[in-house]
Structures are given as C-alpha cells and as structure tokens.
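This briefing is meant for a reader who has not met this structure before. Please look over the sequence and the model before reading on.

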Amino acid sequence: MEPQTDTTTVTIEASADSVWRLLADDFLENAAWAPGVISSAQNPATPDGVNGSRFGGRVSEIEGLGQADVRIVDFDAPTKMLSYTLAAQNVPPFMEKIQNTWVVTAVMDGACTVSSTIDITIASSAPESENISKAINGMFGQIAAAMVALKTYVEANPEFGKN
C-alpha cells in the first residue's frame, strides 16, 4: 500500500519564533497542550538531540495508544521544521511507521502558520479493509485536533504574545 498522508495547517496569532520554541525547545511539554497526552518525559533511548535539537525524543503516555516511543528523526531550526516517528503499545500492527512533521512559518507581523504532515506506512501484507481506513482516519483526526489545541493554547497564553 502507498503511505497514507494528511496535512493540517492552522494560523496562530503569535510569532513563529515563540511557537517554534514551544514545539522544539519544549518538546517534552506537549501534555500541556496536546489532547490525549497524559504525560511526557525524555526518551532514555534517545538521550542526544538530532541536528541541534535539545532532545532526541520523548516517552509519552497517550490516551488510547498507551506508552509511546517518540523519536526526532529530522530537525532544522533555521526553517523551523521538526519531524518525529511514533511507535506505541496500542497502535494497530498494520501501521508499520508513523511519522509526523511540523513546519512553522511566519506569515505576517505577529502571526504564523503551523503545518503538521502525518505519513502512515501500512504493512504490505495488510489486506484492504474498512478497519484500516477507520484507524488511519482516526490518527489523522487526532493530529488535526492537536493542531486546533495548539492554536487555542498559544493564543490563550500571554507568554506567547505577538513578539
């Protein structure tokens, strides 16, 4: 099967730099804004950052997915791009790889867009089925909800401001 891809983009009334700091520098703090994330901590399997990132990954407890092993696989501070893979206890076995990429872009004074592109690789042995489609759409929906939550969190917190 071809990888399944979905991109969600939100415009946030805050500077690209402040949103980038939240996503990159505060990578372990996503439980503060991401729905369903109960807790996150530094991933002991990835103690070193990637291409200048502060962290190599995180271990998160995610509602419905259980414990998740999240690893940064690409990081580019100048272009404000961060990409990570996610493996979790309760991810359906036909999902061979889940990778999400965030890109933060300044669009006007004090505002930015954040794009999240999720790529899900399905095992070639997996039969086409409605259950697979439902699981993929569910994962896409979780990322879309996280993007809305990110926007709400940033815009409600004066610390992010339009600076």
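The notes below go through the sheet, the helices and a few single residues in turn.

The model is a predicted one. Its strands include an open sheet of 7, with antiparallel pairing. Helix H1 lies across E1, E4, E5, E6 and E7, and helix H2 packs on the sheet as well, touching E1, E6 and E7.

**The sheet**

- The strand order across the open sheet is E1-E7-E6-E5-E4-E3-E2, and the pairing is antiparallel.
- Strand E1 (4–12) and strand E2 (37–42) are the edge strands, and each pairs on one side only.
- On average, neighbouring strands of this sheet are turned by 25° against each other, with direction ignored.

**Strand pairs within the sheet**

- Strand E6 (residues 95–108) and strand E7 (residues 111–122) run antiparallel and are joined by 12 bridges.
- Within this pair, Thr-101 has Thr-117 of E7 as its bridge partner.
- E2 and E3 also run antiparallel, with 5 bridges between them.
- Ala-41 stands opposite Val-59, which belongs to E3.
- E3 pairs with E4 in the antiparallel sense over 6 bridges.
- Here the bridge partner of Val-59 is Asp-69 in E4, so Val-59 can be followed from one pairing to the next: it stands opposite Ala-41 and is bridged to Asp-69.- The hairpin of E3 and E4 has 3 residues between the strands, and Gly-64 in this hairpin takes a positive phi near 85°.
- E3 is mostly covered, with 5 of its 6 residues buried.

**Helix H1 and its surroundings**

- H1 runs at about 155° to E6.
- Of the 10 residues of H1, 7 are buried, so the helix is largely enclosed by the rest of the structure.
- The buried residues are Ala-16, Ser-18, Val-19, Trp-20, Leu-22, Leu-23 and Ala-24.
- These buried residues of H1 pack against the strands E1, E4, E5, E6 and E7 and against H2.

**Where the two helices meet**

- Two packed helices are described by the angle between their axes and by the distance between those axes.
- The axes of H1 (residues 16–25) and H2 (residues 130–156) come within 11 Å and cross at roughly 120°.
- That angle makes H1 oblique to H2.
- The crossing of H1 and H2 is right-handed.
- On the H1 side the contact is made by Val-19, Leu-22 and Leu-23, and on the H2 side by Leu-150, Tyr-153 and Val-154.
- Sorted by class, the contact of H1 with H2 has 6 nonpolar residues, no polar ones and no charged ones.
- Val-19, Leu-22 and Leu-23 are also among the buried residues of H1.

**Helix H2 and Met-147**

- The direction of H2 makes about 15° with that of E1.
- Met-147 is located in H2.
- Met-147 counts as buried because its relative accessibility is 2%, where buried means under 20%.
- Leaving aside neighbours within four places in sequence, Met-147 is in contact with Thr-8, Val-10, Val-114, Ser-115 and Ser-116.
- Val-114 is 33 residues from Met-147 along the chain, and the C-alpha atoms of the two are separated by 7.9 Å.

**Residues in the loops**

- Asn-51 sits in the loop between E2 and strand E3 (57–62).
- Asn-51 has a positive phi of about 50°, although it is not a glycine.
- With a relative accessible area of 57%, Asn-51 is exposed.
- Pro-78 lies in the loop between strand E4 (66–76) and strand E5 (81–88).
- Pro-78 counts as exposed, at 70% relative accessibility.
- Pro-78 and Ser-15 are 63 residues apart along the chain, and their C-alpha atoms are separated by 15 Å.
- Lys-80 is found in the loop between E4 and E5.
- Lys-80 has a positive phi of about 55° and is not a glycine.
- Lys-80 counts as buried, at 15% relative accessibility, whereas Pro-78 counts as exposed.

How values were computed: Residues numbered from 1 in each chain as written. Predicted model: local features only at pLDDT ≥ 70, side-chain atom pairs only at ≥ 80, totals over all residues. Heavy atoms only, no water. Axes fitted to C-alpha atoms, helices over the stretch in contact; angles between N-to-C directions. Helix = DSSP H or I, 4+ residues; strand = E, 2+ residues; numbered from the N terminus. Parallel < 35°, antiparallel > 145°, perpendicular 65-115°, else oblique. Left-handed = near helix turned anticlockwise from the far one by under 90°. Contact = heavy atoms within 4.5 Å. Nonpolar A, V, L, I, M, F, W, Y, C, P; charged D, E, K, R; others polar. Buried < 20%, exposed > 50% of the residue type's maximum accessible area, 1.4 Å probe, protein only. Pairing = 2+ DSSP bridges.
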